[in-house]
Amino acid sequence: MFFNNRKNVYIALVAILVIIAFLGGKSIGTGTVHKEVVKKTVVENLHYNDTLSVKGTKYAIDYSVLNALFLNENSMQFNVNLLNNVNVATIKVIAKDQDNNDLGINANASADTKSLLYTVNLNMNTTKISIFVYPLTPAMVKDTKLDINTIPFKTTTLDVKLLKQQQIQTLQN
């Protein structure tokens, strides 16, 4: 009996193998698949040359951080341009590195009260600089026990390598 139906049995086996190969073919026939996600890091200076607004109770100011210029490998200058000042006597500027360590910052003499010039002291390990700008009202300036953490602020983050590349390109042009 097996010999009489041998052709039918082989056709059925071939059909079953074709179906199994079709269903299992995707995992068998594709070889090794690596699903690695390659992260693209976008290097940018966050809020550099942008106008930022800081608003508090009965005071507000718009400002922008621009013209970052490396004087040497240990210091960088930048401007803070003040706009739309409402009841702000002065600003406090703090600079921190990528590890949240305070960087030395000095206010330089400026001919214009709307464009303030600052110098930040860097070290060789500094890769990012965060510049915090705090607006101070006349009452805050007089307060000797003022907690700076209670004041609204905005931050500008600068990538040191990107700024150096931009400065080199500007000098080459």
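I61 lies in strand 2, which covers residues 59-72. In this predicted model, I61 has a relative accessibility of 2% and counts as buried, because the limit for buried is under 20%. Its C-alpha atom is separated by 6.4 Å from that of L83, although the two residues are 22 apart along the chain. Apart from neighbours within four places in sequence, I61 is in contact with ten residues listed here: L52, S53, V54, L82, L83, N84, N85, V88, I91 and P135.

I91 also appears among the contacts of V80. With neighbours within four places left aside, V80 is in contact with Y63, S64, V65, I91, K114, S115, L116 and Y118.

In soluble globular proteins, nonpolar side chains tend to be buried together. The largest nonpolar core here has 34 residues, and those that touch the most other members are Y63, M76, F78, V80, I91, I129 and I131. Two or more residues of this core come from each of strand 1 (51-56), strand 2, strand 3 (75-86), strand 4 (90-97), strand 7 (115-121), strand 8 and helix 3 (160-172).

The aromatic rings are the next topic. Three aromatic pairs are found in a search of the whole structure. One of them joins Y134 and F153; this pair is tilted, with 5.0 Å from centre to centre and 45° between the planes. The pair links distant parts of the chain, as Y134 is in strand 8 (residues 128-136) and F153 is in the loop between helix 2 (138-142) and strand 9 (154-159), 19 residues apart. Y134 is buried, at 6% relative accessible area, whereas F153 is partly exposed, at 36%. Ring pairs also bring in F132, which forms a cluster with Y134 and F153.

Two lysines lie over the faces of phenylalanine rings, as the table shows.

| Lysine | Ring | Distance from ring centre |
|---|---|---|
| K96 | F132 | 5.8 Å |
| K164 | F70 | 5.4 Å |

F132 therefore takes part in the aromatic cluster and also has K96 over its face, K96 being within the 6 Å limit for a charge over a ring.

For the chain as a whole, the secondary structure comes to three helices and nine strands. From the N terminus on, the order of elements is α-β-β-β-β-β-β-β-β-α-β-α. The chain has 173 residues, of which 32% are buried. Among contacts between residues at least 6 apart in sequence, 62% join residues at least 24 apart. The chain exposes about 12300 Å², and carbon and sulfur atoms supply 56% of this area.

Terms used
Residues are numbered from 1 along each chain as its sequence is written. This is a predicted model: local features need pLDDT of at least 70, side-chain atom pairs count only at pLDDT 80 or more; totals for chains, interfaces and linings use all residues. Side-chain values use heavy atoms; hydrogens and water are left out. Rings of Phe, Tyr and Trp (its six-membered ring) pair if their centres lie within 6.5 Å; planes under 30 degrees apart count as stacked, over 60 as edge-to-face and the rest as tilted. Helices (H or I, at least four residues) and strands (E, at least two) are DSSP runs, numbered from the N terminus. Buried means under 20% relative accessible area, exposed over 50%, partly exposed in between (1.4 Å probe, protein chains only). A charge sits over a ring if NZ of Lys or CZ of Arg is within 6 Å of the ring centre and within 35 degrees of the ring normal. Contact means heavy atoms within 4.5 Å. A nonpolar core is a set of buried Ala, Val, Leu, Ile, Met, Phe, Trp, Tyr and Cys residues joined through side-chain atoms within 4.5 Å. Accessible areas come from the Shrake-Rupley method with a 1.4 Å probe; for residues, only the protein chains shown count as cover.
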